[in-house]
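Reader: Please take a close look at a single part of this model and set it in the context of the whole.

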Amino acid sequence: MENRIRNLNRLNVSITKKVIELQEQGYDCDFLLLANGSLQCMQTNLNYPLSTVAIKQREHGYDLFSQSYKNVHTIETGNGEKGVLLTEKLF
């Protein structure tokens, strides 16, 4: 049981470390996937259709807080905004 908890903690830490690493690389916006299929930058409140942004998956791991697997994606927009999107599905 202790090994299982230790492994889960490592997975959660890997997500956190990746987000911090990406923020240090200039991915400073937090993106939210909206019901209409577009992305919203939480800092600027701008919306972007998925077809207008570059999305790359960077990390996959188990999130202890939501008790689900999460994917860390980077988002790059045409106007230079860069940020992170956490999802339960792949793009």
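Reader: Where is Gln67 placed, and what surrounds that part of the chain?

Author: Gln67 sits in the loop between β4 (54-63) and β5 (68-76); strands here are DSSP runs of E with at least two residues, helices are runs of H or I with at least four, and both are numbered from the N terminus. The model is a predicted one, in which local features need pLDDT of at least 70 and side-chain atom pairs count only at pLDDT 80 or more, while totals for chains, interfaces and linings use all residues. Residues are numbered from 1 along each chain as its sequence is written, and side-chain values use heavy atoms, with hydrogens and water left out.

Phi of Gln67 is near 55°, a positive value in a residue other than glycine. Gln67 has a relative accessible area of 60% and is exposed (exposed means over 50%, buried under 20%, partly exposed in between, with a 1.4 Å probe and protein chains only). Asn45, in the loop between β2 (38-41) and β3 (47-49), also is not a glycine and has a positive phi, of about 65°. With 54% relative accessibility, Asn45 counts as exposed.

The next topic is the aromatic rings. Two aromatic pairs are found in a search of the whole structure. In one of them, the ring centres of Tyr62 and Tyr69 are 5.0 Å apart and the planes stand at 70°, so the pair is edge-to-face. Rings of Phe, Tyr and Trp (its six-membered ring) pair if their centres lie within 6.5 Å, and planes under 30 degrees apart count as stacked, over 60 as edge-to-face and the rest as tilted. Tyr62 counts as buried at 16% relative accessibility, whereas Tyr69 is partly exposed at 46%.

Strand β5 also contributes Lys70. The side chains of Lys70 and Glu88 meet in a salt bridge at 3.5 Å, N to O; the term requires a side-chain nitrogen of Lys or Arg within 4 Å of a carboxyl oxygen of Asp or Glu. Glu88 lies in the segment after β6, so this pair ties together parts that are 18 residues apart in sequence. Lys70 is buried, with a relative accessible area of 16%, and Glu88 is exposed, with 55%.

The structure holds two salt bridges. Lys18 forms one with Glu21, the closest N and O atoms being 3.1 Å apart. Lys18 and Glu21 are three residues apart in helix α1 (residues 2-24) and are therefore separated by about one helical turn. Lys18 counts as buried at 17% relative accessibility, and Glu21 as partly exposed at 34%.

Thr77 belongs to the loop between β5 and β6 (82-87). Thr77 is buried, with a relative accessible area of 10%. Leaving aside residues up to four places away in sequence, Thr77 touches Phe31, Tyr48 and Val53, where contact means heavy atoms within 4.5 Å.

As for the whole, the protein has one helix and six strands, which follow the pattern α-β-β-β-β-β-β along the sequence. Buried residues make up 34% of its 91 residues. Among contacts between residues at least 6 apart in sequence, 43% join residues at least 24 apart.
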